[in-house]
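Biologist: Before we start, could you take me through how features of a model are read, one at a time, with the general idea first where there is one and then the case at hand?

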Protein chains: 2
Amino acid sequence: MQQLKPVTVPHSPATGEGNLLIDGLPRKERLKLLALCDHVELVPGAVLCQVDEPFDHVYFPVIGCISLVRSLDGRVALDTELIGCEGMLGVTLVLGVPCAPQRGRVQSHGRALRMPATQLQSSLEDCPALVLSLKRYLFVVMVQLSQNAGCNRFHDVGARLARGLLMVQDRARSNRFHLTHQSIADMLGVQRGAITLAAGLLQRKNVISYSRGEITILDRGKLVAASCECYAARIGTYTQILSQPGLLRG
Amino acid sequence: MQQLKPVTVPHSPATGEGNLLIDGLPRKERLKLLALCDHVELVPGAVLCQVDEPFDHVYFPVIGCISLVRSLDGRVALDTELIGCEGMLGVTLVLGVPCAPQRGRVQSHGRALRMPATQLQSSLEDCPALVLSLKRYLFVVMVQLSQNAGCNRFHDVGARLARGLLMVQDRARSNRFHLTHQSIADMLGVQRGAITLAAGLLQRKNVISYSRGEITILDRGKLVAASCECYAARIGTYTQILSQPGLLRG
DNA sequence: CGGACTCTGTGGGCTAGCGCACGGGAATGG
DNA sequence: CCATTCCCGTGCGCTAGCCCACAGAGTCCG
C-alpha cells in the first residue's frame, strides 16, 4: 500500500467536490463526510488495496481513475472495473466485509477524496442516503463486471481498446491523458503488440494521437463508432440505475 | 418467464432444507421464510428472470443449478455465475434494486425453494440475519464474477470445461447429471466443437463418461487436476467468507 | 416401423492473437 | 554529453479456437 501525497484544493461549493457519489448526497450528510476526508493525488501505479486484505482507506476519485485488478496464476492480470468520479474504491464495505475483493491500482493520474475505512463503516450507520447511493453503485458495478466478462470474451482488441480509451477519457475529464501501450494491454489482458497495432490504426485514421504515453483523443465520435456496444451499454446502465430513483427501493 | 411445476417434498428438519443460505439462519427467521416459500422443480432451459425486468420470484436452489447469462450483440452469450444450493437467484434485491442484472436460466435439473420477490423485500426489513447472509453471499458473487472474467480470458477450454463440470457436479450433489456439449459450450462461451474435443479427451482418459447428455464423473481427483486454479479459488472464497463470521461485520 | 429430432464425432480452412525478440528514438539523470 | 531507461514499431512462427458443414447414431413418437 502506497503513501499518497495530500493536496490542497480550492473548495467550490457551487459545483460540488467532483465525485458524483458525494455530490449526490443531501447537504448535511455531505458535509459530515467531507469533514472526514482529505484530498490526495492519484499517482499511476500506486496500489491502494490488496486482495483479501482489509481496506485502510476508501477513495472517491475526482479526476483520474483506479483499476480493480484480478491476477491469475500469480502472473497475468486483467482489469475488471474502472473507478472514476462516478464511483469509489471500497464500495464493498457496504456489504459488511472489511476485505478488498481485488487489488486496486491507480491507472491514470488525478486526485481523490480519501477517507479512513473505519470512518466510512461508522458513517454507514447514520447516513441512510450514503447507504442508498452505495448500494445503487454496487449494483452498477455488478452489471458491469459481467458485461466486461462478455466483452473480454467476444470482442476484438480494436473495439476493446476504443472502449477503454473512452472510459479513461470520461474519468480524466480531458481529451488528453497519460497511458502507455503496456498499461492498456494490462487493462485489457492482451499482448502489448496487439495494442500497438490497434492504436497505430486509430492514429493513422486521425482518431487519436499519442507520443510516449501522452494520448490525445482527436475525434471522439469516431472512437465511439470503433468501440463495441459495451461502452454505450455502460453509459446506459449508469443513467438507468443512478439517476432514476423511481426504479429503486431503499 | 416460465411456469415451474410445484413439487412436494418430505420435510426433513434434521438435515435442513438443503439450501445453505436458508439453513444457516436462526430457527425463528428460517421458519418465517419457509412459510413464504414453495418447492418447485427446476427444468433445464426455463428462464426465471430477464435482464432489466423486475424479479417476480427469487429462488433458493436445493438440487441443480441456475446460470446467470450475459448476452452480447443479441447473439452470443456467456454464463457469468452458477447458482446452486450455496446461493440464490435474486440476491441483488438486497441492494434495493428490483430489476435483475442478468438473465437467469436453469442449467441443470433439480429443485428449489421459491419465494415471491415482494415477500423477500419485506422480509429483509425484519430479518437481520437474512440480510447479513445475503450481503456475504453477494460479496462472494462479486469476487467470482471477476475471477470468472479472468478465467475466461486466460485459461484454455480444457481447463474451463473441467472447472465447469466440477461446479455443476457440486450443485447437482451427484456424480451423474444431464448436460449436453452444446449447453456447456454456451456456459463457457465457446464453440460446441471445442467441447466435443476436450470432453472426448477426458472420456478417453476415463475421467468422465457421457452419452447423449448424461454425464458421469468417474474420477473427481483427475478432474480437479485438469481444471484451472479457479475451481480451488472459488471453494476458497466460499469457505473464507461464508463460514468465518469473525471476518465480517454487519 | 419409419420419420423427425437430438446429440456427438469429425474435418478442414481460416484468423486473431500469443510469445518472443530486436531495433530505434525520446526522455532522463548523472 | 553519455548511459540508461522507457516507449513504441515491427516482424515472424505458431497455436487455439472460430466458422461451417456433414454424417452417424441414439431416442422419441406417431
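Biologist: Leaving aside its neighbours within four places in sequence, which residues is B:Gln169 in contact with?

Modeller: Keep in mind that this is a predicted model. With the neighbours within four places in sequence set aside, B:Gln169 is in contact with B:Asn175, B:Phe177 and B:Ile217. The residue itself lies in helix H5 of chain B, which covers residues 157-172.

Biologist: Is B:Gln169 buried or exposed?

Modeller: A residue counts as buried if 20 or more other C-beta atoms lie within 10 Å of its own, and B:Gln169 has 21 such atoms within 10 Å, so it is buried. As for a position remote in sequence, B:Leu21 is 148 residues away along the chain, and the C-alpha atoms of B:Gln169 and B:Leu21 are separated by 19 Å.

Biologist: How should I read the faces of a strand, and which residues of strand S7 of chain B are on the covered face and which on the uncovered one?

Modeller: The general idea is that in a regular strand the side chains alternate between the two faces of the sheet. In strand S7 of chain B, residues 208-211, the covered face holds B:Ile208 and B:Tyr210, while B:Ser209 and B:Ser211 are on the uncovered face. S7(B) pairs with strand S8 of chain B, residues 214-217, in the antiparallel sense and over four bridges, and B:Ile208 has B:Ile217 in S8(B) as its bridge partner.

Biologist: What is the phi of B:Arg212, and where does this residue lie?

Modeller: As a rule, most residues other than glycine have a negative phi. B:Arg212, in contrast, is a residue other than glycine with a positive phi near 50°, and it lies in the loop between S7 and S8 of chain B, in a hairpin that has two residues between the strands. B:Arg212 has 7 other C-beta atoms within 10 Å, and is therefore exposed.

Biologist: Where is A:Arg173 placed, and what is its phi?

Modeller: A:Arg173 has a positive phi of about 55° although it is not a glycine, and its place is in the loop between H5 and S6 of chain A. It counts as partly exposed, because it has 14 C-beta neighbours inside 10 Å.

Biologist: That loop leads us to a sheet of chain A; what is the order of its strands, and which are the edge strands?

Modeller: The sheet is open and has three strands in the order S6-S8-S7 of chain A, with antiparallel pairing. Strand S6 (176-178) and strand S7 (208-211) of chain A are the edge strands, each of which pairs on one side only, and neighbouring strands of this sheet are turned by 20° against each other on average, with direction ignored. S6(A) pairs with strand S8 of chain A, residues 214-217, in the antiparallel sense over three bridges, with A:Arg176 standing opposite A:Thr216 in S8(A). Helix H5 of chain A, residues 157-172, lies across S6, S7 and S8 of chain A and runs at about 105° to S6(A).

Biologist: What rotation superposes chain B on chain A, and which residue of chain B comes closest to the axis?

Modeller: Chain B is superposed on chain A by a rotation of 180° with 0.0 Å of shift along its axis, at an RMSD of 0.0 Å. The two copies are thus related as by a two-fold rotation axis. Among the residues of chain B, B:Ala149 comes closest to this axis, at 2.3 Å for the C-alpha atom.

Biologist: How many residues does each chain give to the contact between them, and which element of chain B gives the largest share?

Modeller: Chain A and chain B each give 38 residues to the contact. On the side of chain B that touches chain A, H4(B) provides the largest share, 16 residues, and the residues of this side divide into 19 nonpolar, 12 polar and seven charged. Since 100% of the interface residues of chain B are also interface residues in chain A, the copies meet through the same surface.

Biologist: Which residues come nearest to DNA strand C, and which to DNA strand D?

Modeller: Around DNA strand C there are 17 residues, of which A:Asp156, A:Val190, A:Gln191, B:Thr180 and B:His181 come nearest; the largest share of this surface, four residues, comes from H7(B). Around DNA strand D there are 16 residues, and the nearest are A:Thr180, A:His181, B:Asp156, B:Val190 and B:Gln191, while H7(A) gives the most to that surface, with four residues.

Methods:
Residues are numbered from 1 along each chain as its sequence is written. Chains are lettered from A and ligands numbered from 1 in the order in which they are written. This is a predicted model: local features need pLDDT of at least 70, side-chain atom pairs count only at pLDDT 80 or more; totals for chains, interfaces and linings use all residues. A residue is near a molecule or strand if its C-beta atom, placed from the backbone, lies within 6 Å of it. A residue is buried if 20 or more other C-beta atoms lie within 10 Å of its own, exposed if 12 or fewer, and partly exposed in between; C-beta atoms are placed from the backbone. Two residues are in contact if their C-beta atoms, placed from the backbone, lie within 7 Å. Ala, Val, Leu, Ile, Met, Phe, Trp, Tyr, Cys and Pro count as nonpolar, Asp, Glu, Lys and Arg as charged, and the others, Gly among them, as polar. Two strands pair if DSSP finds at least two bridges between them. Axes are lines fitted to C-alpha atoms, for helices over the stretch in contact, and angles run from 0 to 180 degrees between N-to-C directions. Copies are superposed by least squares on the C-alpha atoms of residues with pLDDT of at least 70 in both.
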